[in-house]
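User: I am new to this structure and would like a close look at a single part of it. Please choose one part of the second chain and set it in the context of the rest.

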Amino acid sequence: MAEAVDPSQVSGVPKRLGRRPSPRIAQLKRTWYFLRRNTLAMVGLGILVVIGAVALYAAVFLPNISWVQMPVMCATDYGPDNPLSGWSNSSTGANGPFTLAYTCTNVPYVCTYEVVPPPNAAQFCGGQWYKTPYSAQSFVSYPSAIGPTINLATLKGGPMPLGSLTLSAESSTSFYNIWPALLRGSDWSLIMSVSIVGIGATVGLFVGVVAGYYGGVIDDALMRLVDIFLSIPIILFIIVLIAVLSVTVRSVAIPPFTLAGWHYAGYTIVPELWTPLFTAILGFAAVWWPLYARLVRAQVLTVREQKYIEAAKASGARNGRILFKHIIPNSVYPVFIQFSLDVGTVPLLIGALVYLGFSQALLPTEYFPEWGTLAAWSVYDMQTFVLSCSLGLCVIPWWQLFFPGLAVFLFAVSVNLLSDGLRDALDPRLRR
Amino acid sequence: MRMLVYVIRRLALIVPVVIGVMTIVFVLINALPVYYQLVAAYGNPNPHDPCSYNPTCPCGEIYPGEKGTCPNPVYVRLTHLLGLDRPVYERYFVYIYHAFTFQWGTVANVSAVQASYSFARDQPVTKFLGEMLPSTIELAALSLIIILAIAIPLGNLGAVNRNRPIDQASRIVSFSGYAIPPFLLGSFVLMGVYYLLYSHVGFDVHTPWCPSGEVLYAFNGQSELTGSWPAAGCYSGQLSIATNCPTWLSNCLVSHPTGFPTYDAFYHGQYWLGLDTLIRLILPALVVAYGSIAILLRFVRNSMLEVMNLDYIRTARAKGVPESRVISKHAGRNSMNVTVTVLGLTFAGFLGGFPIIEDVFYLNGVGRALVLAAQPGGFDFGVIFGSTILFTYLIVSANLIVDVLYAYLDPRVRLG
């Protein structure tokens, strides 16, 4: 039975016997009280908890889950009329004909090919469709994809509840099972998002505190620096930074990063992968601090005029103690809001970088698969779809865009809703 | 007069920001090996020069018959021109001078830029980016118009119907735009377009729309000069020699009085081409707008909420002014100030997304030039740094325009 809320008490937290909670704990409780009444924020928090649980589950129980299916595996297609095959030809409405032995001229993608009625079985080997009677000659040169299926007999690689994703390089095609890939990517998404934004926010926090607390010339100089950094779009800055670093870092070996191999989740992270990963994270962090610095400074400017700071000074506290005991704990709330907002955008940004072709340059995405990367890869395959379309055979791989996109979307939306709720809960004017 | 003083004051505040960005670029350039600095400034070395950009080379290459290694005179001259043989502070001033006088280096041969824009070989970066700029400005303007046309009415609607379903719906829609990766949304839209184009209209190799002798030219994963959404059309198999691009594209006009694709098409009386270019711009502009509408919408809604609680609104209602007029005239006009302020922020935000959007939709803007220049395997640092500075100029000038607009709307700002 909940106790009646005392209307005179702002917090609404029921009184308890014994020691009064410290003011900061009381504020936390108050925030939680207002947050709890915000349905959308609670929905966001719920989604986040589910994502976190999935990530924990994947990290603990599925360390060796295989999500890259090497092209040596063959997938049998039980004929074009079988819906399990994941084929559909949209132009005729019926399931489509297979194309055979076509030739292309040097004018881009002007191809002639003949269409023959399909036999009952086709095999997906080495990234290409083979039909039994024709073996090497009869292939479609674009990689096909397999839609969601739980039929174990269809694919030797195991069930594909969310379908597959194909990635074709010049000569070979990799074949990814989306469901285990999403599981595998969940913990990396969280780790990379939190660490990237965390480093940036920490740097920004300290810069903002120093600027706000000391004021004067230091404040002016740091804030002009922030202005400069904020006038370069974030993704552009990352691109430039990564381009420069990937040329420079290769010639300058960074000693601390030459660690021994590190084992995580079935992968051995070799030292060669460390440098690019750290460079990427540092590159991100380098562009992420200015906003936090500005936020924190604004907060510190009001906090430092408070009576308790004056009291602390009067009692002889040194600057360090005032900063760490009084200023930082009391000006950290806007950081939380912005932090929760930014964490959701990291997969989007990484996905954008991978889309733009930086996966090889700096982010070794083969080893650090995360949701943004998967979403970007799905778009790569979309371009193959367009090609297939221009060849007259449209197979829309909707699952490739939908499921990785949904993961990124849910993550970003949930932190957005949560941070919106936090903002409302912490801002008395919006609270009503 | 007051206005002029205000504008000059704002301009004076902008210059340090621009210099600061140039300083960052200077630091980054100096982190590069000298070879890359030389390539960024002067383009690729002469392929027939065995000494290339090396500091030294066999003496026999310079003084025939001599033995040993000699300093490379080309290297010495070029590094001197760049100031590399002088102390850092002198080099810094040389760089700032170059940056302000638009000497941003040369488009090198190494990168994907070379493959896509073969005309750009060894051209100054400024000229190359200058040709890309109008397309970016067109896209930005169209996106801004769409954002304003959606965010202001929707924000007002949300504020008037606070916490009702329409308010929640508009918030969720704008949030979702923020949370969908733009490359995913753009590709999804493109996929739909292609699907319609090829599957339902019957536009494929067998039943082409194209006249005989011409073939369908479709999106092929490669980039070509003026490819834009959807990169498909009839193609005679020959490129026009003058402009090096397929004849069905709008940039193949005889002349470009302004460089703005849409305007130039109409200027030449090519109404269909102009319309075509405009249609090609609308989808990317919609994707951009959808992605960055959330911030503006939130601010419009909140400022409208604040204004709606003020006394003069109650007065207006009390004296019997119709509600629609209260919202549009009394509250709406006064909540515009915040909108204008946030506009600069929004602009900087969505300009950052341009590299991706332009790459997805094959629009030849500065962002796509940057993306092509930054492809691993061949970094074109001249273009990379040039487009960084250009983007800064764009953002800073947009902020200036916003500030001036703000001062125009609110006398307290320019007088205070």
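Analyst: What follows looks at one helix residue of chain B, then at a helix pair, the core and the confidence of the prediction.

The model is predicted, and the predictor gives the complex an ipTM of 0.81 and a pTM of 0.78.

The part chosen is B:Val396, which lies in helix α17 (residues 381–409) of chain B. Is B:Val396 buried or exposed? The cut-off for a buried residue is 20 or more other C-beta atoms within 10 Å of its own. B:Val396 has 20 such atoms within 10 Å, and therefore counts as buried. Which residues does B:Val396 touch, leaving out those up to four places away in sequence? In chain B they are B:Ile14, B:Val17 and B:Val18, and from chain A there is A:Ser231. The contacts of B:Val396 thus involve residues of both chains. For a sense of distance along the chain, B:Ala374 is 22 residues away from B:Val396, and the two C-alpha atoms are separated by 23 Å.

Another part of chain B shows how two helices meet. Helix α7 (residues 125–160) of chain B and helix α16 (residues 366–373) of chain B have axes that come within 7 Å and cross at roughly 130°. Because of that angle, α7(B) is oblique to α16(B). On the side of α7(B), the contact is made by B:Leu129, B:Met132, B:Leu133 and B:Thr136, while α16(B) contributes B:Val366, B:Gly367 and B:Ala369. Sorted by class, these are five nonpolar and two polar residues, with no charged residue in the contact of α7(B) with α16(B).

The wider setting comes next. Chain B has 18 helices and four strands, and 41% of its 416 residues count as buried. Chain A has 13 helices and ten strands, with buried residues making up 43% of its 432 residues. Taking contacts between residues at least 6 apart in sequence, the share that joins residues at least 24 apart is 63% in chain B and 68% in chain A.

In soluble globular proteins, nonpolar side chains tend to be buried together. The largest nonpolar core here holds 170 residues, and those touching the most other members are A:Ile178, A:Ile238, A:Ile239, A:Ala352, B:Leu370 and B:Ile384. One of them, A:Ile238, is in contact with A:Gly283, A:Phe284, A:Val287 and A:Leu353, leaving aside its neighbours within four places in sequence.

How far can each chain be read? Chain B has a mean pLDDT of 78, with 79% of its residues at 70 or more. Among the elements of chain B, helix α5 (residues 88–100) has the highest mean pLDDT, 91, and strand β3 (residues 215–217) the lowest, 44. Two stretches of chain B stay under 50: residues 202–233, for which the model has 74 contacts beyond four places in sequence, and residues 235–253, for which it has 41. Chain A averages a pLDDT of 69, and 57% of its residues score at least 70. In chain A the pLDDT is below 50 over residues 152–156, a stretch with eleven contacts in the model beyond near neighbours in sequence. The pLDDT is also below 50 over residues 252–269 of chain A, where the corresponding count is 23 contacts. Where pLDDT is low, the predicted coordinates should not be read in detail.

Notes
Residues numbered from 1 in each chain as written. Chains lettered and ligands numbered in written order. Predicted model: local features only at pLDDT ≥ 70, side-chain atom pairs only at ≥ 80, totals over all residues. Buried ≥ 20, exposed ≤ 12 C-beta atoms within 10 Å, placed from the backbone. Contact = placed C-beta atoms within 7 Å. Core = buried A, V, L, I, M, F, W, Y, C linked by C-beta atoms within 7 Å. pLDDT = per-residue confidence, 0-100. Axes fitted to C-alpha atoms, helices over the stretch in contact; angles between N-to-C directions. Parallel < 35°, antiparallel > 145°, perpendicular 65-115°, else oblique. Nonpolar A, V, L, I, M, F, W, Y, C, P; charged D, E, K, R; others polar.
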